[in-house]
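Hi everyone, thanks for coming along. I'd like to walk you through a structure today, so please have a look at it while I talk.

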Amino acid sequence: MKTYRSWQFDLSTIPERSRLYGLQPIGIGTVKVESLTSYLARLASAHCVHPSTLIHQEIEPLLEQRLDFAIRFKNPSVSGPDSPNGKGQKARKYVLALEALTGQSNLYCLTLLLLNGLHANRGLLNPVRAWCPLCYQQWQASGQPFYDPLLWMFRDVTVCQHHHSLLHTHCPQCQYSQRHLTRIYRPGYCSKCHQWLGTSIAPCDNGGIVMEPDVDWRVWVSTSLAAVLAVASQMPQQFGDPHVLGQTIAANMFCYLSELTPEQQAQFIARTRAHQKLLTGQCHPQKVPELTSLLTFSYFAGMSLLDLMTNH
Ligand SMILES: [Zn+2]
Ligand SMILES: [Zn+2]
């Protein structure tokens with residue numbers, strides 16, 4: 001009589017299922033990191049619904065439950081524009097809801113919670129949507145998913161760091177500007193007239209290259225912020241804690257200024273409009289300048305923004 005191998009009835013381990021498709025966010029830990037509104041729109045598209053449907057049917061019911069926001073995010077800022085891409089209440093709630101629905105982690109890296117240590121929320125985000133038509137066109141031509149990077153959300157960013165062309169804020173078809181998250185928002189398309197926003201030649205520039213007199217400054221701002229976004233997720237304590245980040249920035253500013261002669265100090269202060277208190281080393285760590293002033297300081301000091309915001 002032949003003896004057959006016995007059957008195994010042990011159940012194999014099945015990974016935990018998520019309610020929605022576990023869409024991978026684009027570019028966490030790189031200069032290409034996408035924004036949370038872009039992720040939300042791509043997730044809605046993966047389920048063949050508009051963002052408004054996803055929000056009303058899946059996200060809002062979760063927000064009504066008591067998710068423990070306080071444990072995940074210490075020192076939250078509640079001031080300033082309450083955008084899903086910002087660092088206020090709405091961003092924190094949307095991050096936790098989308099993580100619960102998709103099983104993804106670290107979605108806070110798609111928002112300004114990544115830079116929660118920055119002193120002020122006011123003025124960080126552009127109130128209207130901005131985009132690079134050349135990037136959209138390039139991604140479409142190469143078969144890559146098109147999305148809206150977190151970098152384009154900053155008010156201070158006005159040019160694409162890849163193409164050095166001006167970011168657009170008005171649709172060339174209908175001329176409307178638009179908010180970041182609308183009922184039918186979809187990266188790459190106008191939320192008003194639904195037209196494709198990509199183009200191979202930026203119409204308002206010389207071959208797409210910025211001809212503004214302050215082109216160096218504009219490109220430098222985009223490149224500097226991109227470099228910060230690329231490393232911030234690897235240094236959550238440094239960039240996430242207002243006290244730690246503020247202390248570092250204040251110390252680095254004082255260190256730079258203390259090496260200048262009194263005449264040079266006066267010239268630098270006048271040129272950058274930096275606060276006189278920096279000269280005495282008395283700048284309170286939680287009252288360091290806003291982002292625009294940090295950019296100005298590091299630009300004229302010949303120091304990268306990343307160096308200004310980290311210990312070096
Ligand atoms: Zn571009
Ligand atoms: Zn339009």
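I'll start with the overall fold, then go through a helix pair, the core and two loop residues.

Before anything else, please remember that this is a predicted model. The protein chain contains 11 helices and 0 strands. If you follow the sequence, the pattern reads α-α-α-α-α-α-α-α-α-α-α. How many of the 312 residues count as buried? The figure is 38%. As for contacts between residues at least 6 apart in sequence, 70% of them join residues at least 24 apart.

Now to the helix pair, starting with α1. This helix is mostly covered, with 9 of its 11 residues buried. The buried ones are Leu36, Thr37, Ser38, Tyr39, Leu40, Ala41, Arg42, Leu43 and Ala44. Just after α1 you'll find Cys48, which has a positive phi of about 60°.

Its partner here is α4, which covers residues 89–102. Does its length fit what we'd expect, or what does the check give? With 14 residues at 1.5 Å a residue, α4 should span 20 Å, and its end C-alpha atoms are 20 Å apart, so the two agree. In α4 the buried residues are Ala91, Arg92, Tyr94, Val95, Ala97, Leu98 and Thr102. After this helix comes Gly103, and its phi is positive too, near 75°.

So how do the two helices meet? The axes of α1 and α4 come within 11 Å of each other and cross at roughly 35°. The crossing of α1 past α4 is left-handed. On the α1 side, Leu36, Leu40 and Leu43 make the contact, and on the α4 side it is Ala91, Tyr94, Val95, Leu98 and Thr102.

Let's move to the core. Which residues touch the most other members of the largest nonpolar core? Out of its 69 residues, those are Leu167 and Leu225. Several helices give two or more residues to this core: α1 (36–46), α4, α5 (133–141), α6 (215–232), α8 (242–258), α10 (291–301) and α11 (305–309). The core also takes at least three residues from each of domain 1 (36–115) and domain 2 (241–306). If you want to zoom in on Leu225, look for Leu151, Phe154, Val157 and Leu305, which it touches when residues up to four places away in sequence are left out.

Finally, two loop residues. Ser304 sits in the loop between α10 and α11. Why is Ser304 classed as partly exposed? Because 17 other C-beta atoms lie within 10 Å, and a residue is partly exposed when that count falls between 12 and 20. Leaving out residues up to four places away in sequence, Ser304 touches Ser224, Ala227 and Ser298. Ser304 and Thr223 are 81 residues apart in sequence, and their C-alpha atoms are 9.7 Å apart in space.

The other one is Pro172, in the loop between α5 and α6. Pro172 has 15 other C-beta atoms within 10 Å, so it is partly exposed as well. Its C-alpha atom is separated by 9.1 Å from that of Gln195, and the two residues are 23 apart along the chain.

That's my tour, and I'm happy to go back to any part of it.

Terms used: Residues are numbered from 1 along each chain as its sequence is written. Chains are lettered from A and ligands numbered from 1 in the order in which they are written. This is a predicted model: local features need pLDDT of at least 70, side-chain atom pairs count only at pLDDT 80 or more; totals for chains, interfaces and linings use all residues. Helices (H or I, at least four residues) and strands (E, at least two) are DSSP runs, numbered from the N terminus. The expected span of a helix is 1.5 Å times one less than its number of residues. A nonpolar core is a set of buried Ala, Val, Leu, Ile, Met, Phe, Trp, Tyr and Cys residues joined through C-beta atoms within 7 Å. Domain bounds come from an automatic or database domain assignment. Two residues are in contact if their C-beta atoms, placed from the backbone, lie within 7 Å. Axes are lines fitted to C-alpha atoms, for helices over the stretch in contact, and angles run from 0 to 180 degrees between N-to-C directions. A crossing is left-handed if the near helix is turned anticlockwise from the far one by less than a right angle, and right-handed if clockwise.
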